[in-house]
Amino acid sequence: MARLVMVSNRVIDFNVAQQAGGVAVAIYNTLARQSGFWFGWDGQIVDSDCAEIKVSRANGHMTVTEPLTPADYAEYYLGYSNSVLWPVFHNRLDLAQFEAGYYSRYVAVNERFAAHLAPLIEPDDVIWVHDYHLLPMALELRKLGIENPIGYFLHIPVGPAQALLAIPENKEIARALSAYDLIGLQTQSDVRNLIDFLQQSVFGRLLPSGRIRVFEAELDIGCFPVGIDPADFAFGPGEVEALKAADTSETNRIIGIDRLDYTKGLPQKFRAYGKFLDEYPNYRRRIVLSQFAPPTRESVEAYADIKAELESLAGSINGRFGELDWVPINYIHRTIPRAELRDVYRLSRIGWVTPLMDGMNLVAKEFIACQDPADPGVLILSKFAGAAAQLTDAVLVNPYDVNDMVQGLRIALEMPLDERRERHDRLLSGIRKNDSNDWSHSYFSALMKAGQRRFARSPKSPPEMGQALERLQSSAKKNIPPSRLTANVVT
Ligand code: GDG
């Protein structure tokens, strides 16, 4: 039976994956409808080179995972993935740590994952690799003779070609990308940037078909904006009434939910909020900014810096404007449970989502999904989030321009009910139409087509594979339980 094999850096237990948010939910929602399994790191760090591979089954779904060693964690995860690729792709060359030889460990971990995954692959499987940690995965699998269709989806944005070209190993990165059949990105601008990079780095050539020739390969690169499942955020009968009854706050809540990351524009948001309170004193005591900023990658230096900066900004704004009975910024450096997240979105008048650069940003979509259509809150969204290409009815702002941020907040707070309803209605229909199901189906269909081209070109492809692709595509619609896994694994 044809299966979909999802590969991502971090595999979340199927029992809790839906609670995790972001990439994990996107993968969970796809696999929940499809036969296959999920392969990657289990989040454990163990002091041993002989990694034990674990197979877990939960709710009829299967995950295959392995731990990292402390050196892998330091160099593959914190190092090359999060101190080179993450800042560069977000156009923060100033934070990239090119020294330190992280690259060899990055490739070695991909090589090891590929060596453990390859024996599990059956001739008619389709492989879908996620995100920047695993960029060389297809190349490593190909070296082991895997000829199956392999797709790649990059969840983060693609900065300008000039930034990517600054990576010392940029040619190796380009070669690694050429081993995929399809590269999926979040926006058209990402697609343009990646093509530009491939042209400049390794003389990639755009073909009349729209594909790009890189070395011997012909690559499909397309835009597939990630969506959410709005049903995950629906309120049941009586839930909203209970929520409202329990809410005693008399101020208008402005909600921010962002991992504490330098790409999220949090200092810019805090400064704009301080300027707003300065310029519009009539709003003092009437609004509160509740900013959740759960910790992330704390051992990377740039993350420690942003934490200190934010604490100082929140402290100085609260110190300057606060009263005995009013604290202007409620800054919470903790993760909140997903169920509470939904309530907080619903009870907020404004969703303030202003990253400096973001692949998509699902918080923006979640906020819209949680609003009351009869009296919805307003989304303020950065022009530089991937989501802005779709959510054009949000109040779009430039997070680098403090005056634009201040005016965006004023417009959102003053927006009349009719306009709020109209904008929300259009935003919600877009989110429903381009939901997570639509994302995985459209990516998957494109991967099928790219896979078929591979069979046509490659004499090595098993003959049954073309039909297998079609079977897999139709099984996706029927919610078939995962099939067996037989190779050398320890359960
Ligand atoms: C990558 C790309 C792209 C956040 N704080 C808490 C919490 N969250 C949840 C949100 C949301 C998710 O985390 C964050 O959304 P992102 O869109 O930033 O997702 P990531 O996986 O971090 O990022 C991004 C995304 O991939 C998908 O392609 O949009 O651009 O960087 O779901 O709700 N959840 C809970 N407590 C928190 O404190 N429970």
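This short talk covers two helix pairs and the surroundings of the ligand in a predicted model.

Let me begin with helix 10, which spans residues 266–279, and helix 14, which spans residues 402–414; their axes come within 9 Å and cross at roughly 65 degrees. Because angles of 65 to 115 degrees count as roughly perpendicular, helix 10 and helix 14 are roughly perpendicular to each other, and their crossing is right-handed. On the side of helix 10 the contact includes Ala 272, Tyr 273 and Phe 276, while helix 14 contributes, among others, Val 406, Leu 409 and Leu 413. Sorted by character, the residues of this contact between helix 10 and helix 14 are 8 nonpolar, 2 polar and 5 charged.

The second pair is helix 12, residues 338–346, with helix 13, residues 362–370, and here the axes come within 8 Å and cross at roughly 70 degrees. That angle makes helix 12 roughly perpendicular to helix 13, and the crossing is again a right-handed one. Arg 338, Leu 341, Arg 342, Tyr 345 and Arg 346 of helix 12 meet Val 363, Glu 366, Phe 367 and Cys 370 of helix 13, a set that divides into 5 nonpolar, no polar and 4 charged residues.

Now to the ligand: which residues come nearest to it? There are 25 residues around the ligand, and the nearest of them are His 155, Ile 336, Asp 358, Leu 362 and Glu 366. Ile 336 has a backbone N or O atom 2.5 Å from a nitrogen atom of the ligand, whereas Asn 361 has a backbone N or O atom 2.8 Å from a ligand oxygen atom. From Gln 186, a side-chain N or O atom lies 2.9 Å from an oxygen atom of the ligand.

Methods: Residues are numbered from 1 along each chain as its sequence is written. This is a predicted model: local features need pLDDT of at least 70, side-chain atom pairs count only at pLDDT 80 or more; totals for chains, interfaces and linings use all residues. Side-chain values use heavy atoms; hydrogens and water are left out. Axes are lines fitted to C-alpha atoms, for helices over the stretch in contact, and angles run from 0 to 180 degrees between N-to-C directions. Helices (H or I, at least four residues) and strands (E, at least two) are DSSP runs, numbered from the N terminus. Angles under 35 degrees count as roughly parallel, over 145 as roughly antiparallel, 65 to 115 as roughly perpendicular and the rest as oblique. A crossing is left-handed if the near helix is turned anticlockwise from the far one by less than a right angle, and right-handed if clockwise. Contact means heavy atoms within 4.5 Å. Ala, Val, Leu, Ile, Met, Phe, Trp, Tyr, Cys and Pro count as nonpolar, Asp, Glu, Lys and Arg as charged, and the others, Gly among them, as polar. A residue is near a molecule or strand if one of its heavy atoms lies within 4 Å of it. A polar contact is a pair of N or O atoms within 3.5 Å; within protein, one must be able to donate a hydrogen and the other to accept it, and residues adjacent in sequence count only if both atoms are side-chain atoms.
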